[in-house]
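Please look at the model below with some patience, and follow the report with the structure beside you.

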Amino acid sequence: MLPRPHRVRRPDDFRRILRRGRKAGRRLLSVHALAGDDGGRRAGFVVGRSVGGSVERHRVTRRLRHLVAARLDALPEGTALVVRAHPAAATATSAALAADLDAALRRLGVLPGPHAGEPVGPTVARSG
RNA sequence: GGAGUCGGCCGGGCGGCCGCGUCGGGCCCCACGAGGGCCCGUCGAGGAAAGUCCGGACUCCACAGGGCAGGGUGGUUGCCAACAGCAACCCGGGGUGACCCGCGGGACAGUGCCACAGAGAACAGACCGCCACCGGCGCGAGCCGGUGGUGAGGGUGAAACGGUGGUGUAAGAGACCACCAGCGUCCUGGGUGACCAGGACGGCUCGGUAAACCCCACCCGGAGCAAGGUCAAGAAGGUUCCGCCGGAGACGGCGGAGCUGCGCAGGUCGUCCGAGGGCUGCCCGCCCGAGACCUGCGGGUAGACCGCUGGAGCCCGUCGGCGACGGCGGGCCGAGAUGGAUGGUCGCCGCCCGCGGACCCGCGAGGGACCGUGGGCACAGGAUCCGGCUUACAGGCCGACUCCUCCG
RNA sequence: GGGGCUGUGGCGCAGCUGGUAGCGCAUCACACUGGCAGUGUGAGGGUCAGGGGUUCGAGUCCCCUCAGCUCCA
């Protein structure tokens with residue numbers, strides 16, 4: 001998991017981010033972002049039963065966690081994310097997940113345009 | 001060389017970069033709470049962690065009471081904390097064999113059911129046939145009808161009331177006889193026992209189904225770690241409907257009403273004759289016991305910690321036992337997360353499969369090794385903990401044994 | 001962690017105490033019409049979720065497995 005201070009842990013926090021945050025959806029995942037949160041930069045994950053069995057769900061969660069952790073420092077202070085995995089994420093590669101994650105984050109405006117220093121795959125810049 | 005049976009085991013390895021959790025130690029920070037940060041060390045998923053089909057430990061229900069109901073188990077003897085598990089053996093069935101399979105008590109305690117077909121289906125049944133007698137027809141063999149005898153023959157069925165041979169008879173039949181099969185009783189021997197072997201006698205033969213009701217023997221109190229406990233906090237509780245505002249919508253915000261949990265107030269019932277409740281359902285018996293219900297008003301917690309991991313534990317040796325397993329001695333510590341860690345990514349190697357080339361051994365079926373290329377590396381992840389069962393699984397290793405074929 | 005329910009033609013459902021599986025809609029063919037709709041007549045279509053067992057015989061009884069739904073704490 002993420003270092004404890006960067007996790008979203010309480011059901012109330014999840015509920016607040018999902019309802020009040022802005023949302024951007026892609027084919028493999030969707031991201032809810034709530035700015036101005038007082039808990040620092042945080043992220044939580046929702047991987048439901050439609051994604052697959054226990055093994056598939058955990059694999060997707062771990063990949064997303066590592067991808068989000070690499071981008072956490074680039075987020076504005078006080079940003080809380082909830083990343084929800086879609087069923088297609090079960091068979092996607094990490095590069096594909098990274099592309100959708102970057103696209104969603106940029107659409108929400110929490111991540112600047114095409115950026116350097118990413119070790120993962122050919123991220124296509126689709127600013128929207 | 002081929003085909004097969006049983007048992008046991010493994011289930012990717014190494015490295016680079018980045019990253020997470022537990023525990024221990026050190027240093028630093030502080031609104032001092034063993035709170036936070038950094039560094040070092042340590043440990044960090046499985047043979048099924050799975051399905052949740054059983055059994056326990058543990059916790060609470062006062063003790064875990066009696067009967068009925070309900071549920072479970074079902075060859076014997078053992079093993080085990082316990083079990084629907086395991087071992088050995090018995091019986092029945094399958095296989096040439098190694099071996100495998102079996103919910104494997106009781107059908108003279110009772111009740112129910114056995115469709116269709118068939119003459120007849122449970123102390124059965126005369127359709128055809130066979131036989132005798134009577135009547136009619138015919139020269140005759142015989143034919144037709146009636147009365148009676150007959151369960152040996154035909155055909156139906158899953159199943160038709162023993163089998164073979166003979167005596168017997170008008171024809172037949174356990175009607176009678178011999179042998180065999182099966183049933184029951186008794187005796188002898190072996191075995192702890194299920195049971196086995198042998199013998200005698202008996203009536204001559206007795207259907208199946210209890211994974212139908214049921215009977216017998218034995219077992220089972222209920223709930224489950226969200227069990228249960230400690231400590232904080234008093235700001236927003238949940239849900240349905242309505243109104244207003246924002247929004248394209250999804251939805252969000254604010255306000256109001258109803259229901260519900262908690263507190264307060266009032267009323268009724270009750271604290272000698274006991275409200276109400278607990279002990280799974282009912283009855284008995286027992287226990288706790290001062291509150292319970294209604295109305296109105298106000299209007300609340302799945303936050304942290306403990307439980308939480310050292311246990312019927314694992315490994316080695318030895319002894320007892322056919323074995324499951326047990327005794328003794330020595331050694332070891334092997335996850336405790338909580339929106340849920342044990343990973344992400346890259347490289348090398350390994351293994352498997354397909355295609356192409358090509359080598360060695362062998363008469364042969366076939367076996368072994370090499371290069372290139374493409375693809376793949378299963379089933380699946382703790383959530384209180386153990387013992388089993390069942391199911392899923394790429395590929396591989398080891399041991400014992402059986403059958404067939406060939407060579408000596 | 002505990003319970004419960006369902007699985008049967010393409011779809012929605014019956015099937016009682018075991019006896020050889022039906023109903024409605026849909027499909028196809030024919031007829032009525034110039035044609036469509038509609039109606040009528042007829043036909044086809046089933047591993048009863050999968051496997052094993054009990055029984056002479058299993059959709060039904062028993063055991064295991066696989067899906068899906070749902071309730072409670």
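Which side chains meet in a salt bridge? In this predicted model, the side chains of arginine 71 and aspartate 102 do so, with 2.5 Å from N to O, and the structure holds 1 salt bridge. The pair links distant parts of the chain, since arginine 71 belongs to helix 2 and aspartate 102 to helix 3, 31 residues apart. Both arginine 71 and aspartate 102 are buried. As a general point, side chains of opposite charge can pair when their charged atoms come close.

The sheet comes next. It is an open sheet of 4 strands in the order 1-2-4-3, and its pairing is mixed. Strand 1 (22-25) and strand 3 (42-46) are the edge strands, each of which pairs on one side only, and from one strand to the next the twist averages 20°. Strands of a sheet pair through backbone hydrogen bonds, either parallel or antiparallel. Here strand 3 and strand 4 (residues 80-85) run parallel and are joined by 5 bridges; one of the residues to look for is alanine 43, whose bridge partner in strand 4 is leucine 81.

The two helices of the salt bridge can now be placed against the sheet, as the table sets out.

| Helix | Strands involved | Angle |
|---|---|---|
| Helix 2 (residues 54-71) | lies across strand 2 (29-34), strand 3 and strand 4 | about 160° to strand 3 |
| Helix 3 (residues 94-108) | packs on the sheet, touching strand 1, strand 2 and strand 4 | about 35° with the direction of strand 2 |

Helix 2 therefore deserves a second look beside helix 3, for arginine 71 in helix 2 and aspartate 102 in helix 3 form the pair described above.

Definitions and conventions
Residues numbered from 1 in each chain as written. Chains lettered and ligands numbered in written order. Predicted model: local features only at pLDDT ≥ 70, side-chain atom pairs only at ≥ 80, totals over all residues. Heavy atoms only, no water. Pairing = 2+ DSSP bridges. Helix = DSSP H or I, 4+ residues; strand = E, 2+ residues; numbered from the N terminus. Axes fitted to C-alpha atoms, helices over the stretch in contact; angles between N-to-C directions. Contact = heavy atoms within 4.5 Å. Salt bridge = Lys/Arg side-chain N within 4 Å of Asp/Glu carboxyl O. Buried < 20%, exposed > 50% of the residue type's maximum accessible area, 1.4 Å probe, protein only.
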